[in-house]
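This briefing covers selected local features of one protein model. Please view the sequence and the coordinates alongside the text.

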Amino acid sequence: MKTNQTKGVVRLLTFLLVLSLAMGMAFAAGAKEEAAPSGPVSMTIATWTSNPDQIALLDSFVQGFAAQKGIEIDATFESIPFAEYNTKLSLELQGQNGPDLFWVLETAAPAFIESGLLANLNDGMKAYDPQDISSDALELWSKDGNVYAIPFSTSPFFILYNEDLFAKAGVKTPEQYAAEGAWDWEAFKMASKTIKEKTGVWGFQTVDGQGYDARILHNLAPIVRSYGGDFWTDDGQVLINSDASVAAVQLFHDMVYQDVSVVPPGNQSDFFAGNAAMTVGQISRVSKLNDAAFAWGIAPMPSGPEGESPVIGQAAIGAHSKGKQASLASELVAYMTNKDSVAAMSGIWPPARKSVLESEAFLTSNKSVSKEQMQNAVAASIKTGRVLPSHVRYPQIEVESKMVFDKLWQKNANVGAILDEVAAVYAKYIK
């Protein structure tokens with residue numbers, strides 16, 4: 001465990017150093033003059049998905065764009081693991097062969113915009129009805145009236161559950177609880193504990209198994225916010241050590257160390273292999289269950305004293321401002337997020353385009369998910385959910401707060417005192 005934590009801190013420190021260098025160097029280089037392509041154009045696109053069907057869909061957009069332009073594009077997709085994504089991508093963007101297009105995480109958006117690594121997309125968007133893109137969705141990716149990345153996914157996290165394990169333990173499913181208006185964190189805690197006691201299988205695995213490391217905020221935010229707490233606010237308030245936030249984190253800590261119902265730090269038990277009754281997922285993860293050996297379902301995130309507060313996983317795609325094909329890449333970004341492209345991928349990555357999100361076709365866009373599940377766990381959660389907090393100093397915040405959060409993951413941890421330490425870290429940067 002300590003080795004994994006050390007690696008995580010090293011990754012984060014590297015990311016911080018690279019972005020700091022980028023901020024100092026990005027505007028020193030002049031814009032490159034792009035010559036018209038005389039043959040096939042090679043372009044690299046960096047993502048954190050390695051799903052072959054998803055890559056094939058993205059490549060179909062590239063080829064559609066190439067046909068429209070009357071050129072050939074030879075696209076290479078580079079799949080970088082999520083936990084290493086920011087660090088590795090930042091390093092590559094400083095070299096001579098960095099990707100031409102790349103996905104960007106919501107938490108890193110302000111830092112990447114400030115670094116100058118993202119090209120201005122205003123001109124490229126003009127041909128594709130930019131007014132159809134939700135202004136709220138674009139806000140995080142814009143500065144001073146300029147758009148630097150376009151969200152292709154505004155995807156809420158929800159509960160994926162193993163229906164067979166719930167039946168074996170004699171517990172109502174999350175969807176049954178939700179239909180009764182009783183799906184809250186106490187019911188979630190009770191179900192997890194009962195399943196562990198009656199079946200010997202973990203009740204819950206954190207999102208991607210990374211809830212103690214790369215996805216700490218994804219793991220805690222739905223509980224913390226539904227209890228009326230938060231990490232920090234846009235106007236500079238630090239709330240991670242508020243009474244509501246402490247109560248929420250204490251609930252999760254009790255599940256791990258008192259109920260012993262949650263896959264603990266360092267344990268590799270996997271929901272998708274049948275080794276946990278619940279996990280947190282998104283529509284893009286549902287394909288991992290196509291060959292599952294158990295019946296499964298999806299349900300909204302549980303509610304707390306202040307109602308539901310699902311986390312929206314927003315991801316955008318941008319173009320490398322200093323890439324060899326920056327202008328062409330900017331046009332390609334706009335094409336990959338036009339109405340037709342967004343409609344084609346809406347069953348995997350829920351859209352930011354209003355015309356697609358509000359369509360009946362969206363609710364039936366994923367063959368593995370029923371219309372009702374898409375409405376209740378996805379469409380409804382998009383309306384009530386929020387993205388994770390972000391900040392231009394987020395790399396520094398993540399590095400320092402991660403080292404403090406690590407103190408939580410022991411049985412006798414003083415949750416309130418540790419969150420006071422986290423709050424002190426936040427206060428250094430959140431103004």
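The notes below deal with a cavity, two helices and several single residues.

The model is predicted. It contains 3 cavities of 30 Å³ or more, and the second largest of these is described here along with helix α10, which supplies 4 residues of its lining. Helix α2 follows, and then residues picked out for burial, contacts or backbone angle.

**Second largest cavity**

- The second largest cavity holds about 70 Å³ of space.
- Its lining is made up of W185, F188, F204, V207, H218, N219, P222, I223, F252, V280 and M301.
- By residue class, the lining has 9 nonpolar and 2 polar residues, with no charged ones.
- Two helices, α9 (185-199) and α10 (216-226), each give at least two residues to this lining.
- The largest share comes from α10, with 4 residues.

**Helix α10**

- Burial takes in 11 of the 11 residues of α10, and the helix is mostly covered.
- The buried residues are I216, L217, H218, N219, L220, A221, P222, I223, V224, R225 and S226.
- These residues pack against helices α9, α11 (243-257), α17 (394-405) and α18 (415-429), and against strands β10 and β11 (386-387).
- After α10 comes G228, with a positive phi near 100 degrees.

**S226, a residue of α10**

- S226 belongs to helix α10.
- With a relative accessible area of 0%, S226 is buried.
- The S226 side chain comes to 3.0 Å from the backbone oxygen of I223.
- Neighbours within four places in sequence aside, S226 contacts W185, A221, S303, G304, P305, E306, G307 and S309.
- Of these contacts, W185 also appears in the lining of the second largest cavity, as does I223, whose backbone oxygen the S226 side chain reaches.

**Helix α2**

- Helix α2 covers residues 52-69, and at 1.5 Å a residue its 18 residues should span 26 Å.
- The C-alpha atoms at its two ends are 26 Å apart, so the model agrees with the expected span.
- Q54, I55, L57, L58, F61, V62, F65 and A66 are buried in α2.
- The cover over these buried residues includes strands β1 (41-47), β2 (73-79) and β3 (101-105), together with helices α12 (326-336) and α13 (339-345).
- At the N-terminal end, N51 acts as a cap for α2, with a side-chain oxygen 2.9 Å from the backbone nitrogen of D53.
- G70 follows α2 and has a positive phi, near 75 degrees.

**P300**

- P300 sits in the loop that runs between β9 (296-299) and β10 (311-319).
- P300 counts as buried because its relative accessibility is 12%, and the cut-off for buried is under 20%.
- Apart from residues up to four places away in sequence, P300 touches I159, A178, W183, E308, N376 and A377.
- P300 and S60 are 240 residues apart along the chain, and their C-alpha atoms are separated by 32 Å.

**Q373**

- Q373 is part of helix α16 (residues 371-384).
- Its relative accessibility is 13%, so Q373 counts as buried.
- Residues up to four places away in sequence excluded, Q373 touches E175, G297, I298 and V378.

**Non-glycine residues with positive phi**

- D129 is not a glycine, yet its phi is positive, at about 50 degrees.
- The loop between α5 (122-125) and α6 (135-139) holds D129.
- D129 has a relative accessibility of 43% and therefore counts as partly exposed.
- D208, also a residue other than glycine, has a positive phi near 55 degrees.
- The loop between α9 and α10 is where D208 is found.
- D208 counts as partly exposed because its relative accessibility is 31%.

Note on methods:
Residues are numbered from 1 along each chain as its sequence is written. This is a predicted model: local features need pLDDT of at least 70, side-chain atom pairs count only at pLDDT 80 or more; totals for chains, interfaces and linings use all residues. Side-chain values use heavy atoms; hydrogens and water are left out. On a 1 Å grid over the protein atoms alone, a cavity is a set of points where a 1.4 Å probe fits but cannot get out, and a pocket is an open set with protein on both sides within 12 Å along at least five of seven lines; lining residues have an atom within 4 Å of a point. Grid points are joined across faces, edges and corners, and a volume is the space filled by probe spheres set on the points. Ala, Val, Leu, Ile, Met, Phe, Trp, Tyr, Cys and Pro count as nonpolar, Asp, Glu, Lys and Arg as charged, and the others, Gly among them, as polar. The expected span of a helix is 1.5 Å times one less than its number of residues. Buried means under 20% relative accessible area, exposed over 50%, partly exposed in between (1.4 Å probe, protein chains only). Contact means heavy atoms within 4.5 Å. A polar contact is a pair of N or O atoms within 3.5 Å; within protein, one must be able to donate a hydrogen and the other to accept it, and residues adjacent in sequence count only if both atoms are side-chain atoms.
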